4 protein chains.
Amino acid sequence: MAMQFLSDNAAAVHPAVWDALRSADAAQPPYDNDDLSLELDSAFGALFERSCAVLWVATGTAANCLALATMVPPHGGVICHREAHIETDECGAPGFYTHGAKLILAEGEGAKLTPASIDAAIAAIRKDVHQVQPHAVSVTQASEYGRAYQPAEMAKIAASAAQHGLKLHVDGARFANAVAFLGCTPWEACHGASALSFGCVKNGAMSAEALVFFDLELADLARLRRKRAGHLQSKGRFLAAQILAMLDNDLWLTNARAANAAAQELAVVASGRLIHPVQANELFLATSAPERERLRAQGFSFYDWGEGAARLITSWNTDPAHSAALAQAIRAL
Amino acid sequence: MAMQFLSDNAAAVHPAVWDALRSADAAQPPYDNDDLSLELDSAFGALFERSCAVLWVATGTAANCLALATMVPPHGGVICHREAHIETDECGAPGFYTHGAKLILAEGEGAKLTPASIDAAIAAIRKDVHQVQPHAVSVTQASEYGRAYQPAEMAKIAASAAQHGLKLHVDGARFANAVAFLGCTPWEACHGASALSFGCVKNGAMSAEALVFFDLELADLARLRRKRAGHLQSKGRFLAAQILAMLDNDLWLTNARAANAAAQELAVVASGRLIHPVQANELFLATSAPERERLRAQGFSFYDWGEGAARLITSWNTDPAHSAALAQAIRAL
Amino acid sequence: MAMQFLSDNAAAVHPAVWDALRSADAAQPPYDNDDLSLELDSAFGALFERSCAVLWVATGTAANCLALATMVPPHGGVICHREAHIETDECGAPGFYTHGAKLILAEGEGAKLTPASIDAAIAAIRKDVHQVQPHAVSVTQASEYGRAYQPAEMAKIAASAAQHGLKLHVDGARFANAVAFLGCTPWEACHGASALSFGCVKNGAMSAEALVFFDLELADLARLRRKRAGHLQSKGRFLAAQILAMLDNDLWLTNARAANAAAQELAVVASGRLIHPVQANELFLATSAPERERLRAQGFSFYDWGEGAARLITSWNTDPAHSAALAQAIRAL
Amino acid sequence: MAMQFLSDNAAAVHPAVWDALRSADAAQPPYDNDDLSLELDSAFGALFERSCAVLWVATGTAANCLALATMVPPHGGVICHREAHIETDECGAPGFYTHGAKLILAEGEGAKLTPASIDAAIAAIRKDVHQVQPHAVSVTQASEYGRAYQPAEMAKIAASAAQHGLKLHVDGARFANAVAFLGCTPWEACHGASALSFGCVKNGAMSAEALVFFDLELADLARLRRKRAGHLQSKGRFLAAQILAMLDNDLWLTNARAANAAAQELAVVASGRLIHPVQANELFLATSAPERERLRAQGFSFYDWGEGAARLITSWNTDPAHSAALAQAIRAL
């Protein structure tokens, strides 16, 4: 059996989540009318210290795209990074959910947008009916390369978006890892967002993500769109239960800290090979094909990242023995 | 605590499903590359005695609409009953998934289509570019009024669809209840279908429906569309596990028989009030508002169906004490 | 050569329109930045005695569907008559332009909605996320059966729509015929509309319809959607020229009066056979198949309307000799 | 009055087109059932020396996007140049017509794709359900920078597309200018295309483009989609008439040669400033802002192209006095 560093997206379910699932089994009103679903708004309100309207959905793609569909008309556009998950890994789901809105691709180191790159993307667009006009900005916290936006960076991006009249969406598939790294408040890590895809599945849940709206009017649209997309599960209590379990006792942060710590342990020994600074639970290591071959031969499982790199991801439950072994193997390359 | 006859869609999860979920927790390749997901095709192949390609999804709406999206182009139409779930209760999801294809509404007693009603719907359409041309027929087995299509009826509908060059979709949210009632083979109950939404959630599962393609080419399209709709869960093994647990030892039939038996027990005492013959686990009882008030006062929970009727639904785990009490209460009306 | 009573939609172009086309040939800024296009808002403002924002498009289907797309979100619905052109004869164009919004079909004699039929359609919809919620009402003035809404009827429908928070769209493919019949002001004939598809093609133009917005904010959306639909012609001056020619000296009314008069001449002799009162330029005559055969044998061209009727349409340029001949032929049946 | 070098898209209508329009006025069957529309297939069949199915539409955007909609499913992609008109200047119309398919952007000098750039775009796409898979290639002949694909280049691109199982679309808004420059047969200039948007409006027509299908099955889809997009005009004979007039006596080539000649006259004097070789009727001249100011002061009208260039376009009816004056003004800069 391989030692898994492929992805956090298939890791085991946390025991506390299992417990919450079992406790949710008693028959309840269907859809999102059960007690657990009704508790989400206040639970996230307390976490973010502001009013929230929260919908559960089964996947990050659904969360991201439902959020965008409330912000952008079919004839509009969303500014995002060229390597954003919504652009590269969702099989066109944003185009589906928004009915053909355009992803307007912008640049930035480490798959992070900057106010300057947002401005550059906007400046390239003529203000006429021939070109698609932007309506929103989407950033990923932490980014697709495991890079976190500092609170000050988020604030500047939020200000830049607001100045151009654009809504802000935060893809937080690994939001927990970012907050754990940044040591800031949750709100500081997504400052100014109208909606946040608050990831749970990669962090110990089974099948639930929280779509958190800070712009409450958008949530009503999302509720209709969720049903219309076949994402309104009748036994929704089981999704709410997972999410509440993640918030309870800050399990989301505890799990993220464990994953981040495992990543840092590897980062230390791999510092000479790091393509990106390690700020979450992902490592991109400059490695030759034979080197990667050698690691795999020792039982480590991970993805190639182009010709010259390996992508390694740790999880909330990465076995310390596995990371210690991998650290040693990297050192020995 | 009310005695629940509102719906089967929020009932508890069957113990065997829980066991299967727990057993699926070991880390696995993500999405649908795990061993359990890979087992679905052959498991359903054995059940239906023909080649199948099976995708899990979280909801019946997603199953129905993904299926339709593979059969009908955006400029085409789907013939379905005026009271079909896809028309009345999916918030326009068919329009979303098919990109605006039209539901062409047809008639039929008990929310069941007939070859004649299909022919009539087709005959009303001019064969030109000004009118939407049909590409598929969708029927619900058992129907929205708990009416089952007999094998001979299914065969005739399939023949009628084939004759007009239309694909056939079967919405089987309560397919198990229909098969349990009919005592036929699973294939006889959906004879000629290109795709079947094989319902599990109403029958003891938590969050998984099986979308079964008998027309195997359509499955490849559905795989792309599922991802694009945000329905490709990364821990898909948990959906596959639920579905396999339903098939194991014919749990799907055992559960459906239990629900049907509870419904029959009520049907016997309510025979004078039945608006539809009871062929699955749904009862529609002619009742006055005061009568329904009286039932509710005794702790029974159910939906009104228009002004003069009550809809009562039994589940795999309907408490025999509850149905006995309800039977007595109905008799006493 | 047949005597044409098939449709007004292929009639010749009026000489004044030809003159206007020729006069518009001088090179101009492209799209809708030319002097003629810029004149449309004020020309219609004068006609309707209120602020208007006007876009030219090539077809009535485009006008109708662009209008609806500004009023109804993809997850919403439009209440219209079961026999409305948008439902029966646009190949699903409303579904295309609105991205899958639903046409919610209502009843009414002569293909005319009433406040009561609108209320009934609304009352049948549960206010939850499972059913498609209406956002607009669309009526056809004159209706698909050549029936005009009286000013008082329009006012009541507008009030009913407003009360339910719905926008009002008027399909005016034969708006001129309705106004000519009603003898009211143009605004009275579409009272309360947010947008009117003001038809010209059936009334002497070549290829231009005016989409008139009374709700000015919607026009900006329509401008983007028009481009996105490939309807922003670069030599738009030729469309504006046609429309202005129709307004000039009330040509639109003069032409409509001519068509209506021809229809009335036939209505007099056919009064015993009229299925609908003749209030515009369409006649529906109860006729047997052999009778229709006899008319055709005499050189008259028209459509069958089901098994037992003929549809006859007059045009701005129906030859008086042809209508006299037809009147005689009908009398002789 | 400025001397116009802004665009060819608003130029006057050619006298022969006017004549054809007038001749088409006689009442005819509506839509595309008139004699002129029925003549299009054979007229283009003769021109391209192969079977064609031809639809008229009002704009190049409609032609391009209808063509793409027949080739690419909503979940698929189209490879095109980063500066293709469909990407930069159609307000997202491809996303509208294809229901959200993705434009996969590729590189190439002069806005021309190459087999290598197509291969590179394909190689970057993983063959899984997470990434959008290409279904078609779209090239512009002549390109957005007035660059023509040589027959050998077209043949290689067609071969590359075919090898990957992709359909080929040619945006021929200025196809006439390309063929006039290349001196090849029309088919050689779009070799291997499944569909060609054959531009007329920029070349002397008023409001008609020909969408030419060489893959005949696609045309039937396009006919439905055209209606559904509101592009099936009822007096379609006027569009057919324009197109036939363009083909008659090779007017399309005559007009294109005139425009190209005017451009070459300017190219000669501007050779030191040419950013792209002049192969059609567009010139991109390296010029400073003050230089452009000086040209404008002399009465020349044109667009800036970024900070350091001017875009000048000649037309079929560019006044020789104007081009002579402009040539002199450029020489004098």
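Student: In what order do the three strands of the open sheet in chain C stand, and what is the sense of their pairing?

Tutor: In this predicted model, the order is S9-S12-S11 in chain C, and the pairing is antiparallel. Strand S9 (282-286) and strand S11 (303-304) of chain C each have a single partner strand, so they stand at the edges, and one side of each is left without a neighbour in the sheet. As for the source, this is a predicted model in which local features need pLDDT of at least 70 and side-chain atom pairs count only at pLDDT 80 or more, while totals for chains, interfaces and linings use all residues. Residues are numbered from 1 along each chain as its sequence is written, and chains are lettered from A and ligands numbered from 1 in the order in which they are written.

Student: How do you know that S11(C) and strand S12 of chain C pair?

Tutor: Strands (E, at least two residues) and helices (H or I, at least four) are DSSP runs, numbered from the N terminus, and two strands pair if DSSP finds at least two bridges between them. S11(C) and strand S12 (residues 309-313) of chain C are joined in the antiparallel sense over two bridges, so the condition for a pair is met. In one of these places, C:Tyr303 has C:Arg311 in S12(C) as its bridge partner.

Student: Why is strand S8 of chain B called largely enclosed?

Tutor: A residue is buried if 20 or more other C-beta atoms lie within 10 Å of its own, exposed if 12 or fewer, and partly exposed in between, with C-beta atoms placed from the backbone. Five of the five residues of strand S8 (residues 209-213) of chain B are buried, so the rest of the structure largely encloses this strand. In a regular strand the side chains alternate between the two faces of the sheet. Both faces of S8(B) are covered, with B:Glu209, B:Leu211 and B:Phe213 buried on one side and B:Ala210 and B:Val212 buried on the other.

Student: Which strand is joined to S8(B) by five bridges, and which by four?

Tutor: Strand S2 (residues 53-57) of chain B runs antiparallel to S8(B) and is joined to it by five bridges, while strand S7 (residues 195-198) of chain B pairs with S8(B), again in the antiparallel sense, over four bridges. B:Phe213 in S8(B) is the bridge partner of B:Ala53, and B:Phe213 is also the bridge partner of B:Ala195.

Student: What makes helix H8 of chain D largely enclosed?

Tutor: Eight of the eight residues of helix H8 (residues 175-182) of chain D are buried, so this helix too is largely enclosed by the rest of the structure. The buried residues of H8(D) pack against helix H7 (151-163), strand S6 (167-172), strand S7 (195-198) and helix H11 (251-269) of chain D. After H8(D) comes D:Gly183, whose phi is positive, near 70 degrees.

Student: How do you know that chain A and chain D are related as by a two-fold rotation axis?

Tutor: Copies are superposed by least squares on the C-alpha atoms of residues with pLDDT of at least 70 in both. A rotation of 180 degrees with 0.0 Å of shift along its axis places chain A on chain D with an RMSD of 0.0 Å, and the two copies are thus related as by a two-fold rotation axis. In chain A, the C-alpha nearest the axis belongs to A:Gly100 and lies 2.0 Å from it.

Student: How many residues does each of chain A and chain D give to their contact, and what are the classes on the side of chain A?

Tutor: Two residues are in contact if their C-beta atoms, placed from the backbone, lie within 7 Å. Chain A gives 14 residues and chain D gives 14 residues. Ala, Val, Leu, Ile, Met, Phe, Trp, Tyr, Cys and Pro count as nonpolar, Asp, Glu, Lys and Arg as charged, and the others, Gly among them, as polar. The side of chain A that touches chain D then has four nonpolar, eight polar and two charged residues.

Student: What are the numbers for the contact of chain A with chain B?

Tutor: This contact takes 35 residues from chain A and 36 residues from chain B, and the side of chain A has 19 nonpolar, 12 polar and four charged residues.
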